[in-house]
Amino acid sequence: MKGPAGELFVDDGGVGGLPVVFIHSSAGSTKHWAAQLAHVRKTRRALALDLRGHGQSAVSASDESSVEDFAGDVAAVVDGLGLERFVLVGHSLGGAVSAAYAAAHPSRVAGLLLLDPASDGRQIPAEQAQGLMGVLASEAWLQVVEEYWGPMLAPSKPEVREQVLGGLRATAQSAVRSGLGSLLTFDPVAALRSYPGPKLSLVTEYNQGPDAYQNLVSELPSQKVEPVTGHWVQLDAPEWVNGALDRFLATVR
């Protein structure tokens, strides 16, 4: 499908009901949602897309993309498919992207479910943020990201770690730098407060700091992920995520 920065890959299937749109993390892809897509499609339409530079979507010619730019990919897909109203589910970077889309198009989003969303990158000191962007532009970027993600993957099974890190290695450096860098300037507080519809954040133990969305936006309901998982909850505990998704969807009209 044609997107603002090139072709976008979409995994679309299922019929009936209020559609559900899934948005992946940095260096993620539609494959991260395989268990959720199969589950939801038993009763309704569900789709996932690869953001620009990720998975099977085209790499953007620009090295700089904002969270709002990624939300533009979502807009291109839902508009292209003629989806008038749907539920958004976003993980990590995808949580920020989902919040940005919901803020810009509140009447289109029937519900917003965030799965261990990214923290507020504006809380990172400017000097540290500049250093991070410098490293992500260097030859050492892959090693640095793998080391940073290590603790968040520690509880995960070997096959999950390999899937996540394999996806990272297959993603263009520019896309990883752009995705992680976009979080340094995005305002999740304004976005979440601009969306009045049903919303819920499912958070792990890694997402409890003062920069976590639920600690910045008091009106954002949150629930701690019950199983012990890493950051990629839908891969570590697919059945638990499917159950939580079912409960959330039951509240959305």
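Modeller: Contact means heavy atoms within 4.5 Å. Keep that in mind for every "touches" below. The model is predicted.

Colleague: In which element of the protein chain is confidence highest?

Modeller: Take the whole chain to begin with. Its mean pLDDT is 96, and 100% of its residues reach 70 or more. Confidence is lowest in helix α4 (residues 126–136), at a mean of 93. It is highest, at 99, in β4.

Colleague: Which residues does the UniProt annotation "domain: AB hydrolase-1" cover?

Modeller: The annotation comes from an unreviewed UniProt entry. Over its span the chain is 44% helix and 13% strand. The end C-alpha atoms of that span are 19 Å apart. The record gives residues 19–238.

Colleague: Which residue of β5 stands opposite Val21?

Modeller: Val21 belongs to strand β4 (residues 20–23), and both faces of β4 are covered. Val20 and Phe22 are buried on one side, Val21 and Ile23 on the other. β4 pairs in the parallel sense with strand β5 (residues 46–49) over four bridges. Opposite Val21 is Leu47.

Colleague: What is the handedness of the β-α-β crossover from β4 to β5?

Modeller: Follow the chain out of β4. It passes through helix α1 (residues 34–40) and then enters β5. This crossover is right-handed.

Colleague: What is the bridge partner of Val20 in β6?

Modeller: β4 also pairs with strand β6 (residues 86–91). The two run parallel and are joined by four bridges. For Val20, the partner in β6 is Val87.

Colleague: Is strand β8 largely enclosed or largely open?

Modeller: Count its residues, 199–203: five of the five are buried. Lys199, Ser201 and Val203 are buried on one side, and Leu200 and Leu202 on the other. In a regular strand the side chains alternate between the two faces of the sheet. With every residue of β8 buried, the strand is largely enclosed.

Colleague: Which residue of β9 stands opposite Leu202?

Modeller: β8 has strand partners to check. Strand β7 (residues 109–115) pairs with β8 in the parallel sense over four bridges, and there Leu112 has Lys199 as its partner. β8 also pairs in the parallel sense with strand β9 (residues 222–224), over three bridges. In β9, opposite Leu202, stands Gln223.

Colleague: Why does Leu113 count as buried?

Modeller: Leu113 sits in strand β7. Beyond four places in sequence, it touches Leu88, Val89, Gly90, Leu200, Leu202, Leu245 and Phe248. Buried means under 20% relative accessible area. Leu113 counts as buried because its relative accessibility is 4%.

Colleague: How far apart in space are Leu113 and Val87?

Modeller: Along the sequence, they are 26 residues apart. In space, C-alpha to C-alpha, they are separated by 7.8 Å.

Colleague: Which residues in the largest nonpolar core touch the most other members?

Modeller: This core has 36 residues. The elements giving two or more residues to it are β4, β5, α2 (67–80), β6, α3 (93–104), β7 and α8 (188–194). Another core, of 25 residues, lies apart from it and has Val20, Leu37, Val233 and Val252 among its members. In the largest core, the residues asked for are Val21, Val74, Leu88, Val97 and Tyr101.

Colleague: Which residues does Val97 touch?

Modeller: Val97 is one of the residues in the largest core that touch the most other members. Leave out residues up to four places away in sequence. Val97 then touches Ile23, Leu51, Val67, Phe70, Ala71 and Val74.

Colleague: How many residues of helix α7 are buried?

Modeller: The buried ones are Ala175, Val176, Arg177, Ser178, Gly179, Leu180, Gly181 and Ser182. Their cover includes α2, α3, α4, α5 (141–153) and α6 (158–170). Helix α7 (residues 173–182) is therefore largely enclosed by the rest of the structure. Of its 10 residues, the buried number is eight.

Colleague: What is the relative accessible area of Gly53?

Modeller: Gly53 lies in the loop between β5 and α2. Beyond four places in sequence, it is in contact with Ala58, Val59, Ser60, Thr171, Ala172 and Ala175. Gly53 is buried, and its relative accessible area is 7%.

Colleague: What is the relative accessibility of Thr171?

Modeller: Thr171 lies in the loop between α6 and α7. Its contacts beyond four places in sequence are Ala27, Gly53, His54, Trp141 and Val176. Thr171 counts as buried, with a relative accessibility of 6%.

Technical notes: Residues numbered from 1 in each chain as written. Predicted model: local features only at pLDDT ≥ 70, side-chain atom pairs only at ≥ 80, totals over all residues. Heavy atoms only, no water. Buried < 20%, exposed > 50% of the residue type's maximum accessible area, 1.4 Å probe, protein only. Pairing = 2+ DSSP bridges. Right-handed = clockwise from strand over helix to strand, strands pointing away. UniProt positions renumbered as here; feature names shortened; annotations may be inferred. pLDDT = per-residue confidence, 0-100. Core = buried A, V, L, I, M, F, W, Y, C linked by side-chain atoms within 4.5 Å.
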